[in-house]
Every structure is written in C-alpha cells, then in structure tokens.
Amino acid sequence: MPRLVRERVKKMGVDEIRRRIGGVLKGLDDVLLDVLSGMMIGRPVVLVGPVGLGKTTLAEAVAETLALGDPPYIEVACHSHMTAVDLVGDIDVAVALQAGLDHPLSYIPGPVVLAHGTVLIMDELNRLNPYAQAALLQAIQEHYVYIRGYRIRTDFVLIGTANPSEYEGVYELSEALADRLKFVEVKMPDRELLKSILLWKAREALGDLEVDIPSKLAEILSKFAHEAKKAGYPQSVRSLSYALADASALAWAQRREVELRDLRRSLVNNLPFDSETKEVLLKIFDRAANE
Amino acid sequence: MNDLVELLAAVYSCLGGLSIRSLIYSIEDVYVRAELGDVDWEKVLEIIAQNLAGTLKMGPSAAKEVIREAITCSPRLREGAPTLAIGSVGDEKAPTLAHLVNRHVPVDATPRVKLEVVRRLGLPRDRILRSYSRVVGRGEGWHVRGAVKSLRGYVPGTPFADVDLIRTATAFRRKVVMNMPISDFDIFVREYSRTADKPVYIALDVSGSMKEYMWGDVKLRVAKNAVARYLRQMASLRGRVSLLLFNVDADFMWTPYEVHKYLREMLEILEYVYAGGGTELASALEVLYSYGVREAVLITDGRTADVEKTWSLVKKFKRLHAVAVEKSDLLKQIAKATGGKYQELSPKLDMSVIHD
C-alpha cells in the first residue's frame, strides 16, 4: 500500500494535491503534508485536535484526492461498544448453512476488510475499547485478520482522528497500538486565516442566498475564538462558521443587515456547551466585540 | 542522514526505553516529508515528535518539547526518565526509603512518625519473617536476657525470674546441712551484662545488587530478616538501634531509639525497605562519621564504587563489624583492620555475636 500511495503522489504532484485539498480546507497545508508523508512510509496517521477543526474533512479529502480504490475510502465512526466483529465482519450463519461457506453472501465483511486496497478512516479512534484496538492492531501489523479460523488478507492505509484525552469517554490507546501510529496535531488557525475561513465557510453554507456577510463580524468572531481558547474553551471552527451563517440567514429572513446582536444570538444557539459555560463565553464575546 | 541518526541516538540514550520501530519510522518520515515540502529544524523536531508521541504517551506538542530537551539531555530529564536500576556498582542515583521519608520529617523523628510517613507513601510491602521471636540466650539458665555478668545477693524488689535457682538451691542445701539459718545472701540473683548500653548503628546496603537471589531468596530479604531478628534480641536487651540505608547516598532510616519501645514500628518500616541504585559504601561511612559515630555494623555485599575513599574513611572508625552478603575480601579486611567481627549473611545468622 505505501508504494501505491507513493506512486500516486508522484503521479499527481504535491502541488496538485495541495490545490485540490485547498478547495475544501484552508490553513491545513502543513498538516496535509504530514499526513501524506506518514501515508507514504506506511505508517498509520492519527489527526489529534479538538472538535470542529476539520480533522475528518481533511482525512476524507486526502482519501478522495488520492483515490486509491473504489470507493476512495471506508469510514468508521468508532465508539466504545465496538467489538472486534464489528470491525472485521463475521460469517452469516444462516446463509452459510443454506448455501455453504463458499457462497459470497455467507460472509459479511467489516470495514477493516472492506477497506482492502483503499483508505480506512477511523473517526474518533481513541474511543475504541481495548478489545477492538487489539483486532485493529493485528490488521495494521500483519495485514490480515482471522474470522472464525479463516485468514483474510486486508491491506489498507489508515487515517484516524482523535480528540485529546481530556475529552469524555476516551480510552487510552494501548501501548503497542500507540507505538505504531503517527500523531499529527491539528491546531486552531491564526486570526487572519480563521477570519477568512469563517467567511468562506459561512458563504458556502448560505449557498445561493443573497446575503452580504460583513467581514467585521468574522473578525470579531475569530478574535473571540482565540480569546476563548486562551480562557480554556477551545472553539470549533465548524460551530463558529455556522453561527455566522445562521446570523446572516436570520437577518436575511427579517430583510435587514446582519448585526452584532444577531451574531451574539446565533452564537448562543450554535455553541455546544452548557448554560454556565455559555455565559462565560458570552462575556468573552462581548469583550472581543467592544475592543 | 548520519546527523539525523545521531540526533535520534542522543534522544534514545537520554530518554531510554523508546520504541526502535518509532525511531526508524521517524527517520523515514523526515526524509519523505522533506521530499514533499520545505523542512526546517523546528519541523524536523515536530515530525520526530509526531512519530514518537505514541511511545512517549503524550501529545505531539508535549513530545516535541521533551525531545528538544532530550537532545541536550539536561540532568533534570535524565533523573525523571525511567531506567532499570539493577546495577550493582556504579553511581546510579536512586532515593532510598530513608531519603523519601526524610523529605517529609526531620531525620531524628521517632520511628512511629516515620512509619506513618512510610505508610502514606504507598509502597509495596514485603513481609519479613515472623518467627525467631524467641530470644537466643547465651550464658546459663533459661531466662538469660544477655550475658550473665555476675551474681549478687538478693535485694528486695528483684524480679523472681532473675534468681539463679541452681546456685540458690546449692546454697540452701549447704546451709541446711551445716544447720545454719538461711539469709538473703543465700539467694543468688543474676546480673546481666547490659551490653547494649551504647546505641548500635546498622548500615544496610539497599543498592540494586541486593535484589539478586541467594539461598533461594532475595538477598535484601535475607538481610532484612537478620536485622529483624537482631532487633528482637535488642528489644529484650533494652538497647538502642539506629538503621542507616545506603546505596549511592546514605541517610538514616531512624536515628538511635529504644528498640523495646518501637520494635513493632521498626519491624514494619523494615518491611517497606526496597532496593535500587548503585553502591557506595563510603557514603554510608561519611554520614556515620559526620554524626560522630565510631562503631557500626555494615551489612553489604562489599561491591563499592570507590574503594580508596572507603579505606580512608574506615581508618577514622574505632570498630566496624561487617556482615557480608557475599564473600568479600574488602569487608574481611575492613573488619580486621578495625577489630570488628566479620560474618557472612545466611538465613540463620545471629548478629548479636557482635556484642561478645
């Protein structure tokens, strides 16, 4: 698989890949190159960072751009109750009894096996429980999995995403698995870049709605995001851009210009926090707006 | 490429216990990444950190800082890094139990206080032998507590057990035969030699070499059992004992205290004593000398890093008894030079011979 990726990258050229990804995501050029180099040496890459910074989107975009197989990627949303069978698939006993084990339908492949020859994107990899981690480990290391005694070959490129361990419901990756992964950190873009990303994403969300989004609001929002991060509440770019789009849509519905109070209101509605945290965040927002 | 490999070798030797797989991948990764785009020094560090983050068990940015420090390998980092502390001779620093405890309480705190600290440290406990609680008496009679120094006449208030029945019976018999009245002087009472009037300082080696096996048991445990037996004997001798632990550094586990008062505490503290680090006998002698001690018992295997320094210190001592964990010429010579006793540790060693 790494050879395939290398050939693909050589054929397309790095600049071409960067250009294509840049159509979906901005400000993650550095991270993109890190991911690519990890894939080219055959090391599974895990993107680490808080929610809403485009980790999954980046993984999908990379897989789509490289298009190693058809479909370009298999995506699994990992959760703590996932079992090894969920990952590698199992034999359908009912079909096997009627049609025999040779029948193509008697085996239900799991994502790890389906991803043979393409990219496997494992969302929230660190939510996997230790049992599922062990199953994944074998697939990564030995490129085959055992299902009821049958050895099934599966070779794939793994891109995972993970939230930092302070998030709830996160398992520690086992030592053996962690040793085989490359961790790439996705950071909040700086203020100027964040502003342009917010504007761009909000416009995209609004679609053909004829609204003019004042860049002043995006600036306030990006300032707020950085202040909030300093105060210990990292903000999601996704939520912020939707808040901006939401405010604009609200203003459009009332046939007036977008104002600061719209943004404030939509922020309250779009932030995924409890009410106390929201109050703190609103104070930060007011401070950012008044400066 | 050599520069990068050497850099990683430096990181590896400083941090220790890194996964080789991850190191190899990070070399590959740096080169591939350099093909894809511009790479500067910070980026190289970042790529190495990304690959080592898993084995270091930290986030990529934290790992980057650790690696940055590991390249120069500051001593702070070296101390914190996990190492295998098995070296028998060397200068490997590892705090003994005494060091850990004395961080929280003064050196001369009572064993009771120290035990309380030890318990809160949450260290594993290693049971020591509970048998051999019977006092090994030397001298005559049953209830000998120490060597019998002399016999004297009865005075009111003398404990009944101290009466020498054979002598007394003989004297009574003689008086009866001679038809003479029996007096207090015919009752013979033993007087014990209180050999334990001076405090006994025991320096116990807790270096990594004490983890080795001997007589089907860990050397340290055998030594601990011997000390425990000796403590029980000293409890009935009403003596005072101090325990000093040393590997590369030395510190008092407890300063001289009456054993009969604190026997239970002392035995329990002994159960928590663990081994680790290099050996430096001179450090123990240095500490003892600075406390004005001129007589001590050394329990060690005699593998010491600095023999000359040890000898120069030995000359300042009046008497050093040696309990050798393994046959050691050095210890034999030390004991001979200072007129002390040389014994070899065995599961049934009786340390109280040093009082003879």
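**Exercise 1. Determine how many residues each chain gives to the contact between chain A and chain B, and which elements of chain A take part.**

Counting two residues as in contact if their C-beta atoms, placed from the backbone, lie within 7 Å, the contact takes 18 residues from chain A and 19 residues from chain B. On the side of chain A that touches chain B, the elements giving two or more residues are helix H3 (29-40), helix H9 (175-179) and strand S9 (182-185), where helices (H or I, at least four residues) and strands (E, at least two) are DSSP runs numbered from the N terminus. The largest share of this side, six residues, comes from H3(A).

This is a predicted model, in which local features need pLDDT of at least 70 and side-chain atom pairs count only at pLDDT 80 or more, whereas totals for chains, interfaces and linings use all residues. Residues are numbered from 1 along each chain as its sequence is written, and chains are lettered from A in the order in which they are written.

**Exercise 2. Decide whether Leu115(B) is buried or exposed, and locate its contacts.**

Begin with its place, which is helix H7 (residues 111-121) of chain B. Leu115(B) is buried because 21 other C-beta atoms lie within 10 Å, the cut-offs being 20 or more for buried, 12 or fewer for exposed, and partly exposed in between, with C-beta atoms placed from the backbone. Not counting residues up to four places away in sequence, Leu115(B) touches Glu265(B), Glu268(B) and Ile269(B). Finally, Leu115(B) and Leu270(B) are 155 residues apart in sequence, yet 9.5 Å apart in space, C-alpha to C-alpha.
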